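Work through the exercises below with the sequence and the coordinates at hand. Each task is followed by its solution.

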Amino acid sequence: MPPIKIYGLLGYPVGHSFSPVMHNAAFRHLKIKAKYRLFAKKSEELKGFLQSLPGQNICGLNVTIPYKENAITYLSGYRSYAVNMIGAANTIMVDKNKRLKGFNTDYLGFIRHIKELKIKPKRTAVIGAGGAAKAVIFALLKNGVKEISVYDIDKYKSLSLAKRFRDNFPESKFLVVAAVKDLNIEDKDLLINASPIGMHAQDPCLVSSSMLHPELFVYDLIYNPLETPLLKLAKDRGCRYANGLGMLLYQGVESFNIWMKPKKAPVEIMRKALTKEICK
Ligand code: NAP
């Protein structure tokens, strides 16, 4: 009998992840002999671990904080256009020649989720300028967003994000702001939180109630907790809103489709497994 194929999530730490339940449910449903595991690796172990994938029968990985950007250095095969544009890979596949190919499915996950939500943003404000922000901004630019204002606690990160995209999307306008109050949310149709603020119980809400308006859609990439202080505020102000669970689901679906081609991910099975886990 051929050995079970291994897939998994690489990061540090990874204990909080919902990815194993989602992928293992999909493997079981499609009777695929594979297992999805967690790989918590320290930075000094990263290179050796990635080089050892073929020998360990590890056929594919998702990559999370803090390695999405570093992992690119160790790709030995194809890397997608999105990986080059975003500067981060969250999906690795080991090909039959034992080369590591890199993809970004965070941006695809976000696109699928906003399509499901039936929103077509034109003017967007984004809090945070890290890896996830770059993926959602790339997604928005590909979908014809006209204006993006970015605020990060580290202004250099916002400036470098704007520099990354400006040349390739000259028809879209970038505004980098130094304070959250300068995001001008009043004239936006979408506000995205792509910072980690809201993950912990004591976290503040970065925007005030008066900055929100009922025509605004508020999207928080955080999915644990399901309702952050920002989403609670959005609900109270009568805004439409969503947490990052849909993006998490669809990035997983897109990673599965890359690894298992031509098989297709069983989306509803994966959604059900995720929802069950998060409601535990
Ligand atoms: P990241 O690379 O660390 O980026 C977060 C950025 O936010 C950093 O530049 C950080 O600056 C900045 N920041 C921190 N505190 C801030 C504040 N008070 N105001 C403004 N900016 C602030 O992390 P990431 O990978 O982009 O992830 C960001 C969030 O998205 C996390 O909560 C993650 O769980 C979530 N996420 C969700 C999905 C999904 O599928 N739903 C996918 C990916 C990520 P410093 O580095 O200076 O602290």
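**Exercise 1.** How many disulfides does the count come to?

Solution. The model is a predicted one. A disulfide needs a pair of cysteine sulfur atoms within 2.5 Å. By this rule, the count is zero. Take C239 as a worked case: its closest cysteine sulfur belongs to C205 and lies 11 Å away, which is too far for a bond.

**Exercise 2.** Classify C239 and C279 as buried or exposed.

Solution. The cut-offs are under 20% relative accessible area for buried and over 50% for exposed. C239 has a relative accessible area of 6%, so this residue is buried. C279 has 57%, so that residue counts as exposed.

**Exercise 3.** Describe the fold of the chain and assess its compactness.

Solution. Start with secondary structure: the chain has nine helices and 11 strands. Its radius of gyration is 19 Å, close to the 19 Å from the globule rule for 280 residues, so the chain is as compact as a globular protein of that length. Along the principal axes, the C-alpha atoms fill a box of roughly 65 × 40 × 35 Å. Next, take the contacts between residues at least 6 apart in sequence: 70% of them join residues at least 24 apart.

**Exercise 4.** Characterise the burial, surface and charge of the chain.

Solution. Of the 280 residues, 54% count as buried. The exposed area of the chain is about 13600 Å², and carbon and sulfur atoms supply 54% of that area. For charge, count 43 positive and 23 negative side chains; the centres of the two sets are 10 Å apart.

Notes
Residues are numbered from 1 along each chain as its sequence is written. This is a predicted model: local features need pLDDT of at least 70, side-chain atom pairs count only at pLDDT 80 or more; totals for chains, interfaces and linings use all residues. Side-chain values use heavy atoms; hydrogens and water are left out. Helices (H or I, at least four residues) and strands (E, at least two) are DSSP runs, numbered from the N terminus. The radius of gyration is taken over C-alpha atoms; the globule rule is 2.2 Å times the number of residues to the power 0.38. Buried means under 20% relative accessible area, exposed over 50%, partly exposed in between (1.4 Å probe, protein chains only). Contact means heavy atoms within 4.5 Å. Accessible areas come from the Shrake-Rupley method with a 1.4 Å probe; for residues, only the protein chains shown count as cover. Lys and Arg count as positive and Asp and Glu as negative; His and the chain ends are not counted. The place of a charge is taken as NZ of Lys, CZ of Arg, CG of Asp or CD of Glu.
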